[in-house]
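Dear colleague,

I am passing on the structure we spoke about, and my notes follow below it. Please read them with the coordinates open beside you.

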There are 2 protein chains.
Amino acid sequence: MSKQQLAPTAAGGCCAPIATTALDAAQAAEGAAAFKALADPVRLRLLSIIASAGDEVCVCDISPHFDVSGPTISHHLKVLREAGLVDCERRGTWVYYWPVRERMQWISDLLAVPALTA
Amino acid sequence: MSKQQLAPTAAGGCCAPIATTALDAAQAAEGAAAFKALADPVRLRLLSIIASAGDEVCVCDISPHFDVSGPTISHHLKVLREAGLVDCERRGTWVYYWPVRERMQWISDLLAVPALTA
């Protein structure tokens, strides 16, 4: 699904908070795809390591946190990147990752309950 | 996994925002399980219909929004309920659903980026 098909209402993605406005089928598909990227413990932990680092993170510093293989880590990082949650750049031997904070905030906003945060 | 194993830091679930603190493996498992419940377009749209209604919703008013079968709707509602995102009560013929707003806000807080919301 192309994101261009949906009118963005916030930086990073479509849609008002679901606590205030029901999603149509296309919006639900876009949202569910983002949640799917977060629905794996290794990926969610990877994103938390990258997002909380305060700076870009070398993949060489990420792998030691996990018991899974390097290719598995690479696969999960690719899923996070395709979901727009992280971005990266290769420099020499290593790839460096940083969070796409606007995209994280978009997902957060989607689930926010204004009555509880006001 | 028992939620009792994790020290709750907010109503609805464990953990500080991942933009500030990396998750350990147990916290990532709890978070990923919640995201998994949202990682399906029908479930996400169901939750949006229930959460945005402003009152409890009869399952009889939910089904007409979808092209899928009644049992499929029931299955997805069960997954949302097991994830703690909705609750329900049977009254006579019908079951009525309402959102668990604290649980939605917990997931929202997990993804929030304080630097973007401050």
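**How the two chains meet**

The contact between the two chains draws 36 residues from chain B and 36 residues from chain A. Please keep in mind throughout that this is a predicted model. About 3,000 Å² is buried between chain B and chain A, and carbon and sulfur atoms give 74% of that area. Within the share that chain B buries against chain A, I18(B), L44(B) and L111(B) supply 18%, which is more than any other three residues. As for where the touching side of chain B comes from, at least two residues are supplied by each of α1 (25-38), α2 (41-52), α5 (101-111) and α6 (114-117) of chain B.

The polar side of the interface can be put briefly: the count of salt bridges between chain B and chain A is zero, while nine residue pairs are found in polar contact across the interface, with both residues of each pair at pLDDT 80 or more.

**The relation between the copies**

Chain B is superposed on chain A by a rotation of 180° with 0.0 Å of shift along the axis, at an RMSD of 0.0 Å. That is the relation of a two-fold axis. Which residue of chain B comes closest to the rotation axis? It is S108(B), whose C-alpha lies at 2.1 Å. Since 100% of the interface residues of chain B are also interface residues in chain A, the copies meet through the same surface.

S108(B) also appears among the buried residues of α5(B), a helix that is mostly covered, with eight of its eleven residues buried. The others on that list are R103(B), M104(B), Q105(B), W106(B), I107(B), L110(B) and L111(B), and L111(B) is, as noted above, one of the three residues that together supply 18% of the area chain B buries against chain A.

**The single chain**

Turning to chain A by itself, there are six helices and five strands, and read along the sequence they follow the pattern β-β-α-α-β-α-α-β-β-α-α. Of the 118 residues in chain A, 44% are buried. Among the contacts in chain A with a separation of 6 or more, 58% are accounted for by residues 24 or more positions apart. Chain A exposes about 5,600 Å², and carbon and sulfur atoms supply 52% of that area, whereas they give 74% of the area buried between chain B and chain A.

With best wishes

Methods
Residues numbered from 1 in each chain as written. Chains lettered and ligands numbered in written order. Predicted model: local features only at pLDDT ≥ 70, side-chain atom pairs only at ≥ 80, totals over all residues. Heavy atoms only, no water. Helix = DSSP H or I, 4+ residues; strand = E, 2+ residues; numbered from the N terminus. Buried < 20%, exposed > 50% of the residue type's maximum accessible area, 1.4 Å probe, protein only. Contact = heavy atoms within 4.5 Å. Areas by Shrake-Rupley, 256 points an atom, 1.4 Å probe, with all protein chains shown as cover. Least-squares fit on C-alpha atoms with pLDDT ≥ 70 in both. Buried area = accessible area lost by both parts, 1.4 Å probe. Salt bridge = Lys/Arg side-chain N within 4 Å of Asp/Glu carboxyl O. Polar contact = N/O pair within 3.5 Å; in protein donor to acceptor, adjacent residues only side chain to side chain.
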